[in-house]
Amino acid sequence: MDRVGKTPTVLFQIVFYEDKNFQGRYYECSTDCPELNTHFSHCNSIRVENGAWVLYERPNYLGYQYILTMGEYPDYQKWMGYNDSIRSCRIIRNISGVYRIRVYERPDFGGQMLECTEDLSNLPDRWRLREIQSAQVKDGAWVFYELPNFLGRQYLLEKGEYRRFTEWAAMNPSVGSFRRIHSF
C-alpha cells in the first residue's frame, strides 16, 4: 500500500484463462514473461486489464505474434489466434499519442516511400505495392497485418528502424494493412 492507504495502481495487467469465456485455471501477469508454460498449459480466453501486450505462440518471444489492447477476448479466435498456444508475452511500452511511420519498397529504406500517421486498412488502395521491404517507426508503436482489413499474421513494430522485413520477424514482405497501437 502507498502512503495514503490505497493499493498501488498496476500499470500493466493481463489475465490468461485455460478455458473459453474466462473459465478454468487462470494466471495474472503484470510484467514481461519469456516462459508461460509453467503457469498454464493452454490459453482459450484473455482479459487485458491495463496496457497493450504482444503475445507469442512460442517461448522466448518467438512464433506467431498477437497484439492485444485493453478489453476481453472470450476465445482465441477473438485475438485472431491460430490455436490455444500462448507461451510468452511482453508489454508494449512505446505507446504515445503521436504516431508516424515510413514504409519503403526496398531494403535499407530504398525506393518509393510512404509516410503515415493514421491506420491504413488496405495498403494496395493507397500504394501500388503490397510488399514492404523496410520501415522506420518515428513515433508510437504499430502492427503490420499480412492481409488487408487488419487480418492475417501480425507483426509488432516499435519505435526504431527495420532495414529488412526479417527484422520485424516476418517470413516475407507482404503487408496488407497496418494500424497504430493504443493502450486504451
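How far is the sulfur of Cys 89 from the closest cysteine sulfur, and which residue holds that closest sulfur? Let me start there, and then walk you through the rest of the chain. The closest sulfur belongs to Cys 29, and the distance is 3.9 Å, too far for a bond. Please keep in mind that this is a predicted model.

A quick reminder for the discussion: a disulfide is a covalent bond between the sulfur atoms of two cysteines. The cut-off used here is 2.5 Å between the sulfur atoms, so the 3.9 Å separating Cys 89 from Cys 29 does not qualify. The disulfide count for the structure is 0. Looking from the other side, Cys 29 is in no disulfide, and its nearest cysteine sulfur is that of Cys 89. Are these two residues buried or exposed? Cys 29 is buried, at 2% relative accessibility, and Cys 89 is buried too, at 0%.

Now let's step back to the overall picture. The chain contains 1 helix and 14 strands. Its radius of gyration is 17 Å, which agrees with the value near 16 Å for a compact globule of 184 residues. If you lay the C-alpha trace along its principal axes, the spans come to about 55 × 40 × 25 Å. Of the 184 residues, 46% are buried. The exposed surface is about 9400 Å², with carbon and sulfur atoms supplying 46% of that area. As for contacts, take those with a sequence separation of 6 or more: 67% of them link residues 24 or more positions apart.

On to the strands. One open sheet has 4 strands in the order E9-E8-E10-E13, paired antiparallel. Why do E9 and E13 each have a side without a neighbour in the sheet? Strand E9 (110-116) and strand E13 (160-162) stand at the edges with a single partner strand each, so one side of each is left free of a neighbour. From one strand to the next, the twist averages 15°. Inside this sheet, strand E8, residues 100-106, runs antiparallel to strand E10, residues 134-139, and 5 bridges join the two. If you'd like a pair to find on screen, Arg 102 has Gln 136 in E10 as its bridge partner.

Next, have a look at the hairpin of E11 and E12. Strand E11, residues 142-147, is antiparallel to E12, and 5 bridges hold this pairing as well. Phe 144 is partnered with Tyr 155 in E12. There are 3 residues between the strands, and in this hairpin Asn 149 takes a positive phi near 60°. Strand E12 covers residues 151-157 and is mostly covered, with 6 of its 7 residues buried.

My last stop is Ile 181, in the segment after strand E14 (177-180). Ile 181 is buried, at a relative accessible area of 2%. Which residues does Ile 181 touch, once we leave aside its neighbours within four places in sequence? The list includes Ala 52, Ile 67, Thr 69, Ile 92, Ile 95 and Tyr 99. Ala 141, Trp 142, Val 143 and Leu 156 are also among its contacts. Ala 141 makes a nice example: 40 residues separate it from Ile 181 in sequence, while their C-alpha atoms are 5.6 Å apart in space.

That's my tour, friends; thank you for listening, and I'm happy to go back to any part of it.

Definitions and conventions:
Residues numbered from 1 in each chain as written. Predicted model: local features only at pLDDT ≥ 70, side-chain atom pairs only at ≥ 80, totals over all residues. Heavy atoms only, no water. Pairing = 2+ DSSP bridges. Axes fitted to C-alpha atoms, helices over the stretch in contact; angles between N-to-C directions. Buried < 20%, exposed > 50% of the residue type's maximum accessible area, 1.4 Å probe, protein only. Contact = heavy atoms within 4.5 Å. Rg over C-alpha atoms; globule rule 2.2 N^0.38 Å. Areas by Shrake-Rupley, 256 points an atom, 1.4 Å probe, with all protein chains shown as cover.
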